[in-house]
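Let's take a friendly walk through this model, one helix and its surroundings at a time. Have the sequence and the 3D view open as you read.

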Amino acid sequence: LEVVSAMTGLARRAVWLWCVVGVAIGADIAFDAIVDANGKTARFLLAEGADVEATTTEFCERYVNASLVATCKTALREQIEVLEAQRQLPSMTLDVQVSADGKVAKFEHVAGRDVRDEAEAFCSNYVSPEDVSKCASRLVMQAQVENMSVWERLFGSSLVSAAGVPTKGDD
């Protein structure tokens, strides 16, 4: 599957880092986190209004070796930011190429719904079950990219002011 987009390769490469920009927790966030080298997972839950630092610290101290707590906390915060960014996406429609012969289908995201669930449902109609997660990840990432302003696409969100115009970064 390929999302049909007018973005240039340069702009596309410039925006992949956007996924982990700023977070404002508005509801519970839960996901399974890998906690050891063997792939063991534990359910992470950040309740609405809970302190991110305290919650990630408690989780990591409980489930990982003490030498890995800082790395664990960073990974959890990044995942929280990704999920929150996905949760804040507005309603949108993306044209997605779903076959080698160029057939295009419309992926629709409804604001407030879980874009990952929507992407998995969409992808399950077009790819094998073992490829659904990979397809959905790409579709979610493209939805985030399509939601960015032109300036964010070209310069990165950290260089865009609140007014939506580019600002000069620190030298």
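Which residues of H2 are buried? They are Thr55, Thr56, Thr57, Phe59 and Cys60. Please keep in mind that this is a predicted model.

**Helix H2 and its cover**

Helix H2 takes in residues 52-63. With twelve residues at 1.5 Å a residue, H2 should span 16 Å, and its end C-alpha atoms lie 17 Å apart, which agrees. At the N-terminal end of H2, Asp51 acts as a cap. A side-chain oxygen of Asp51 sits 3.3 Å from the backbone nitrogen of Glu53.

What covers the buried residues of H2? The cover includes strand S2 (29-34), strand S3 (41-46) and helix H3 (69-87).

**The S2–S3 hairpin**

Two of those covering elements, S2 and S3, belong together as a hairpin, with six residues between them. In the turn, Gly39 has a positive phi of about 90°. The strands run antiparallel and are joined by six bridges. If you would like a landmark, find Ile34, which stands opposite Thr41 in S3.

Follow S3 along its length and you will see its side chains alternate. Ala42, Phe44 and Leu46 point to one face and are buried, while Thr41, Arg43 and Leu45 point to the other face and are not buried.

**Aromatic pairs**

How many aromatic pairs does a search of the whole structure find? The search finds five. Two of them, both edge-to-face, are set out here.

| Pair | Centre to centre | Angle between planes |
|---|---|---|
| Phe44 and Phe59 | 5.3 Å | 85° |
| Phe107 and Phe122 | 5.6 Å | 75° |

Phe44 lies in strand S3 and Phe59 in helix H2, so their pair ties together parts that are 15 residues apart in sequence. Both Phe44 and Phe59 are buried. Phe44 and Phe59 also belong to a cluster, in which ring pairs link them with Phe31 and Tyr63.

The pair of Phe107 and Phe122 links distant parts of the chain as well. Phe107 sits in strand S5 (residues 104-109) and Phe122 in helix H4 (residues 115-123), 15 residues apart.

Are Phe107 and Phe122 buried or exposed? Buried means under 20% relative accessible area. Phe107 has a relative accessible area of 2%, so Phe107 is buried. Phe122 comes out at 9%, so Phe122 is buried too.

Terms used
Residues are numbered from 1 along each chain as its sequence is written. This is a predicted model: local features need pLDDT of at least 70, side-chain atom pairs count only at pLDDT 80 or more; totals for chains, interfaces and linings use all residues. Side-chain values use heavy atoms; hydrogens and water are left out. Helices (H or I, at least four residues) and strands (E, at least two) are DSSP runs, numbered from the N terminus. The expected span of a helix is 1.5 Å times one less than its number of residues. Buried means under 20% relative accessible area, exposed over 50%, partly exposed in between (1.4 Å probe, protein chains only). Contact means heavy atoms within 4.5 Å. A polar contact is a pair of N or O atoms within 3.5 Å; within protein, one must be able to donate a hydrogen and the other to accept it, and residues adjacent in sequence count only if both atoms are side-chain atoms. Rings of Phe, Tyr and Trp (its six-membered ring) pair if their centres lie within 6.5 Å; planes under 30 degrees apart count as stacked, over 60 as edge-to-face and the rest as tilted. Two strands pair if DSSP finds at least two bridges between them.
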